[in-house]
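Biologist: I am new to reading protein structures, and I would like to learn how to go from a picture to careful statements. Could we take a few features in turn, with the general idea before the case?

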Amino acid sequence: MKKLTILGSAAAEGIPAMFCNCRVCADAWKNGGKDIRMRTAYKLNEHVRVDFGPDTMAQEFKYRLHSENLRHLFITHSHEDHFYPWLLDYRMPGFSIVPEDSVLNIYGNPGVMDAINVHFAKHRCDYGKFRLNPVLITAFEPVELPEEDMTFYPMHANHMPTEKPMIYAIRYEDKWILIANDTGVFPEEDWNFLAEKKFRFDLVISDCTGGIQDNRNGHMSGKFVLETKQRLEAMGCIDGRTRYVVNHFSHNGRATHAELEAHYNPYGIEVGFDGMELEL
């Protein structure tokens with residue numbers, strides 16, 4: 001059975017956020033469980049993940065990820081809660097034993113490539129030493145992973161205009177996934193691309209940074225989550241068989257996990273949490 005694992009479900013601050021004593025953070029300390037959220041990332045299988053933030057090592061231990069098996073890492077954008085290149089330093093000889101043929105491909109937009117180059121400039125960008133292969137990707141141009149039977153279709157997020165972050169439509173064997181966190185309401189070029197490709201998704205993961213509030217630019221939440229779902233339905237991209245999950249929550253969204261479920265479950269929307277396994 002194919003599945004996607006949500007390794008983290010929080011926005012940049014995590015929940016509970018450091019230094020914060022708001023109601024949501026206080027309730028997270030009290031409730032534990034699904035109210036404790038690390039920064040957002042996903043595992044598709046042993047070889048493929050999306051995003052690589054500062055909580056990666058904690059996620060490695062908690063979910064027994066065995067990063068020595070990782071071969072393909074797709075980054076949405078260069079914000080440090082989604083890409084934390086310092087952890088890649090430990091692929092250097094002396095820190096870890098990485099076979100010569102164990103290359104980690106890192107896919108990202110020009111901003112991600114710049115972040116990699118700036119970080120590894122201290123090593124003269126000698127990526128061979130780290131068994132790394134940075135790969136520049138372009139929106140709407142597919143990336144094929146034949147050995148995984150996957151295809152990634154990058155699209156533009158409505159999030160960080162100076163960099164043009166990515167969201168991803170993914171073919172995973174005979175299943176289709178849309179990972180669309182760190183975006184507000186999709187740009188029209190994305191809607192046009194979805195209409196042209198006629199994707200029908202088995203799983204959609206939608207941004208919901210603002211919790212139950214109504215946000216649409218940079219991030220998405222509230223009524224705009226519902227409007228996006230309705231538009232995907234009208235286009236035929238999703239139907240009654242599609243699992244629709246909201247994820248990437250900020251404590252500033254003013255909602256606990258139970259409150260998010262009470263708000264979204266009546267619309268057929270599930271609420272993501274750390275460690276959630278979504279079977280396809």
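Modeller: We shall go through helices, salt bridges and then empty spaces, keeping in mind that this is a predicted model.

Biologist: Let me begin with helices, then: which residues of helix α1 (residues 23–31) are buried?

Modeller: The general idea is that an α-helix has 3.6 residues a turn, so residues three or four places apart point the same way. In this model, the buried residues of α1 are Val24, Cys25, Asp27 and Ala28. When one looks down the axis of α1, these buried residues fall within an arc of 160°, so they line one face of the helix. Trp29 and Lys30, on the other side of α1, are exposed. Just after the helix comes Gly32, which takes a positive phi of about 65°.

Biologist: May I try the same reading on the next helix, and ask which residues of α2 are buried?

Modeller: The buried residues of α2 are Thr56, Gln59 and Glu60. Seen down the axis of α2, they fall within an arc of 110°, so here too the buried residues line one face of the helix. The face turned away from that buried side carries Phe61 and Lys62, both of them exposed.

Biologist: What covers the buried residues of α2?

Modeller: The cover includes three strands, namely β1 (3–8), β2 (41–43) and β3 (48–50). As for the end of the helix, Arg64 lies just after α2 and takes a positive phi of about 50°.

Biologist: Now to salt bridges: how should I decide that two side chains form one, and how many salt bridges does the count come to?

Modeller: The rule looks for a side-chain nitrogen of Lys or Arg within 4 Å of a carboxyl oxygen of Asp or Glu. By this rule the count comes to 17 salt bridges. One of them joins the side chains of Asp27 and Lys30, at 3.7 Å from N to O. These two residues are three apart in helix α1, and are therefore separated by about one helical turn.

Biologist: Are Asp27 and Lys30 buried or exposed?

Modeller: Asp27 is buried, with a relative accessible area of 16%, whereas Lys30 is exposed, with a relative accessible area of 64%. The pair also belongs to a network of salt bridges that links Arg23, Asp27, Lys30 and Glu259.

Biologist: Which helix holds both Lys229 and Glu233?

Modeller: Both lie in helix α6 (residues 223–235), four residues apart, which is about one turn of the helix. Lys229 and Glu233 form a salt bridge whose closest N and O atoms are 2.9 Å apart. Lys229 is buried at a relative accessible area of 12%, while Glu233, at 37% relative accessibility, counts as partly exposed.

Biologist: With which residue does Arg171 form a salt bridge?

Modeller: Arg171 forms a salt bridge with Asp149, and the closest N and O atoms are 2.8 Å apart. This pair links distant parts of the chain, since Arg171 is in strand β9 (residues 166–172) and Asp149 is in the loop between β7 (143–145) and β8 (150–156), 22 residues apart. Arg171 is buried, with a relative accessible area of 18%, and Asp149 counts as partly exposed at 36%.

Biologist: Finally, the empty spaces: how does one tell a pocket from a cavity, and what volume has the largest pocket?

Modeller: A cavity is a space where the probe fits but cannot get out, whereas a pocket is open. The largest pocket has a volume of about 450 Å³. It is lined by 18 residues, of which Glu60, Ser67, Glu68, Tyr90 and Arg91 are the closest to its centre. Helix α2 (residues 56–63) gives the most to this lining, with four residues. By class, the lining has 11 nonpolar, four polar and three charged residues.

Biologist: How much space lies in the second largest pocket, and in the largest cavity?

Modeller: The second largest pocket holds about 180 Å³, and its lining residues include Ile15, Arg37 and Asp55. The lining of that pocket divides into seven nonpolar, one polar and four charged residues. A search of the whole structure finds one cavity of 30 Å³ or more, and about 70 Å³ of space lies in the largest cavity. Among its 13 lining residues, Ile15, Arg37, Phe249, Ala255 and Leu260 lie nearest its centre.

Terms used. Residues numbered from 1 in each chain as written. Predicted model: local features only at pLDDT ≥ 70, side-chain atom pairs only at ≥ 80, totals over all residues. Heavy atoms only, no water. 1 Å grid on protein atoms, 1.4 Å probe; cavity = no way out; pocket = protein on both sides within 12 Å on 5 of 7 lines; lining within 4 Å. Points joined across faces, edges and corners; volume = space filled by probe spheres on them. Nonpolar A, V, L, I, M, F, W, Y, C, P; charged D, E, K, R; others polar. Buried < 20%, exposed > 50% of the residue type's maximum accessible area, 1.4 Å probe, protein only. Arc of directions from axis to C-beta. Contact = heavy atoms within 4.5 Å.
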